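Trainee: Can we go through this one together? I'd like to know what stands behind the labels.
Mentor: Sure, pull it up.

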Amino acid sequence: MSDKAGAWLENKITILPGISDKRAKMFARLGVERIHDLLWLQPRSYEDWQERVPINSLRDGTVSSFMAVLENIPALSRHGKLTTLRARLSDPSGSIQAVWFNQPWVADRLRRGVSYLFRGRIEGEGRRRQVVNPDIRLQDQDGLPDYLPVYPLTAGLYQSTVRQAVKAALDQAGFFKEETLPPAIRSSARLATADFAMRRIHFPACLRDIELARRRLAFEELFLVMAGLRSLKSGRHRQKGPAMTVGRDTEDWLAEQIDRLPFELTSSQAGALQDILEDFRKQVPANRLVQGDVGSGKTVVAAMAMAAACREGWQSVMMAPTTILAGQHAETISELLAGSGLEIALLTGATPAAQRRSLLAGLEEGAIDILIGTHAVLEGDLVFSRLACCVTDEQHRFGVAQRISLSSRGDRIPHVLVMSATPIPRTLAMILYGDLDISEIKEMPAGRLPVKTYTATEKDRTRIDQLMRSQIEKGFKVYVVCPMIEDSETVAAHSADAVHERLSKHIFPDKRVALMHGRLRAGEKLAVMDAFGRGELDILVSTTVIEVGIDQPDANLLVVENAERFGLSQLHQLRGRVGRSSRQSYCVLVSDSQDPLIRKRLQTLCRHHSGFAIADQDLLLRGPGDLFGVAQHGLPDFKVANLYEDSELLREAAAACDQLFRQDPFLEKKENAMIMEAFRFRYGKRLEHPGL
Ligand code: ADP
Ligand code: MG
């Protein structure tokens, strides 16, 4: 794609005839702002004007095309503002009534005794059967296509408007003559040309066109993402990472830190740490995903990795998605590394200005070894003296671009570690993380018991209260999670406010019950979390703000109110807040929903304990439309390709990608230049590392 064509596609759709600012706003609701978006707006289906259904075979509820003669002059009637036009249509097989609401002008287009093509929704059966608001074509009207695209719409936007806009865009210049795939790949994968695919996906001449166009466009999406990420990865091999040797000295020192921990590392924790040290030795900036289920102990791996980099004379930074989590990490990591002599600092949006200034000075001078914080660590005025290791926790909460902007400071590109509990099938990981190496933490720390999980209904309320009391009296802590903060008139569900009121005033006036939700100020949230962390609270009533990362090993009971309102992955994350010690923990999913699908999903959690198993079940129960974790992983939203349905195409694209990189590892050949151009154009802002 040349700059010229690329630039044209970047234009706002308002340059097209008939697209006012007002219409552009409606298009924007469909995610269409630029010409490029418009062309990639995929038809949901097609109007088939080519099929000719005999009138006696027209079925209730279908949208059908049929040829018929107008039997009588259409009759117009009025009811207040509503006009209704009726006519009888017939063919040799039978007849049907047509009705048009509020389209009196249709009468002028029709002549009695003439044959037309009609297309519309059939409603009713037998004598009551009619076709509602059918579109009309003169028989064999020239120039009208047999298939018309049907686009998703929003209020105020008409099918005809979208069609005209797409057609206008396609009619401009012949820019699709420019390919986004190298000829060799196109021919070996038997793909249609870009021009054919883009035109025919919108205006196919026959059904086969749709298939060919779709295949080409889906392949292109999958291939470009895979090849693009892979190219970034191979490009990284030519960059300079921080120079570290990580020799005997550092290893011994690290072993001392690990010995001081109150527990032994599991073998997968040790393995992940070794992978990271190996990355450090390579002096090529690493990009590693450390994937492990909730509670598998990722924090200590990150802490030791950061410490090793510091021991080698560099700095490390860790970014967490919330102020609470950042604060907690700072505390945990300070404890884990107590005695290491490393200087650890916390920076969040709530850090007072004066403290922030001195912290920034410390970073620049190299007095601070490890910085832990929220997005605040990404701010432009932060300067590290020697940054070597960037960790992001629960990365799906960040855009990819953000995690990368951290890594692009200084002349050496730092290593990037991503800690994530979101399980994704491995094949998918290969695409999403084409540029990432993966370490898996497979086992849980020794002695962990699976969280006993039960479903309950409102009828069990007293028993749930009793269970809470008995746990608290044994010295344990309890989480109660609610789907909303306040009561609402429109949603019948327990709010955190109401549950807190009930528990603190009526059920447990003798216990320490606190409330926590996203609308509290950062300082208040921290105070509550601190108190909970120190064991000064018995019950924490909260919204899902506790979903990520919070660690209070004494909490052993989680009650989820209106469990039907949460996704499976979310419930799994929430459940990860308990079961963080060797004592038995419990999770109670409260829901009065009778929906069999919801009951099944909740049962899944009772039966399964690993994130991977739950992800699989989720996929089975939900179908491929709504993928567990994928959107959270910063995956580009594919417009045509479907990662599950197109698995065969995915394999083909992967094979093509392998072949390509065997022949041209750095995509330096002229005929392959278009790949990275297209990748940057399409996904650059989301997936690409700036400045690489
Ligand atoms: P996650 O992977 O969900 O981030 P954490 O790092 O928060 O998990 O660890 C969960 C809990 O397990 C913490 O209390 C941590 O101290 C503890 N832990 C981590 N590793 C081990 C281990 N090898 N043995 C025992 N406890 C461990
Ligand atoms: Mg964690």
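Trainee: What makes you say that H11 lies across S10?
Mentor: In this predicted model, H11 lies across S9, S10, S12, S13, S14 and S15. Contact takes heavy atoms within 4.5 Å. As for direction, H11 runs at about 155° to S10. Angles go from 0 to 180 degrees between N-to-C directions.

Trainee: Why are S11 and S15 called edge strands?
Mentor: Because each of them pairs on one side only. The order is S11-S12-S10-S13-S14-S9-S15, an open sheet of 7 strands with parallel pairing. From one strand to the next, the twist averages 20°.

Trainee: How do you know that S10 and S13 pair?
Mentor: Pairing needs at least two bridges, and 5 bridges join S10 (residues 315–319) to S13 (residues 387–393), so they pair. The two strands run parallel. Met319 stands opposite Thr392 in S13.

Trainee: Back to the helices: how do H11 and H12 pack?
Mentor: Helix H11 (residues 298–311) and helix H12 (residues 323–336) pack at an angle of about 65°, with axes 10 Å apart. Their crossing is right-handed. H11 brings Thr299, Val300, Ala303, Met304 and Met306 to the contact, and H12 brings His329, Ile333 and Leu336.

Trainee: And how do the residues of that contact divide into nonpolar, polar and charged?
Mentor: There are 6 nonpolar, 2 polar and no charged. Val, Ala, Met, Ile and Leu count as nonpolar, and Thr and His fall among the others, so Thr299 and His329 are the polar ones.

Definitions and conventions
Residues are numbered from 1 along each chain as its sequence is written. Chains are lettered from A and ligands numbered from 1 in the order in which they are written. This is a predicted model: local features need pLDDT of at least 70, side-chain atom pairs count only at pLDDT 80 or more; totals for chains, interfaces and linings use all residues. Side-chain values use heavy atoms; hydrogens and water are left out. Helices (H or I, at least four residues) and strands (E, at least two) are DSSP runs, numbered from the N terminus. A crossing is left-handed if the near helix is turned anticlockwise from the far one by less than a right angle, and right-handed if clockwise.
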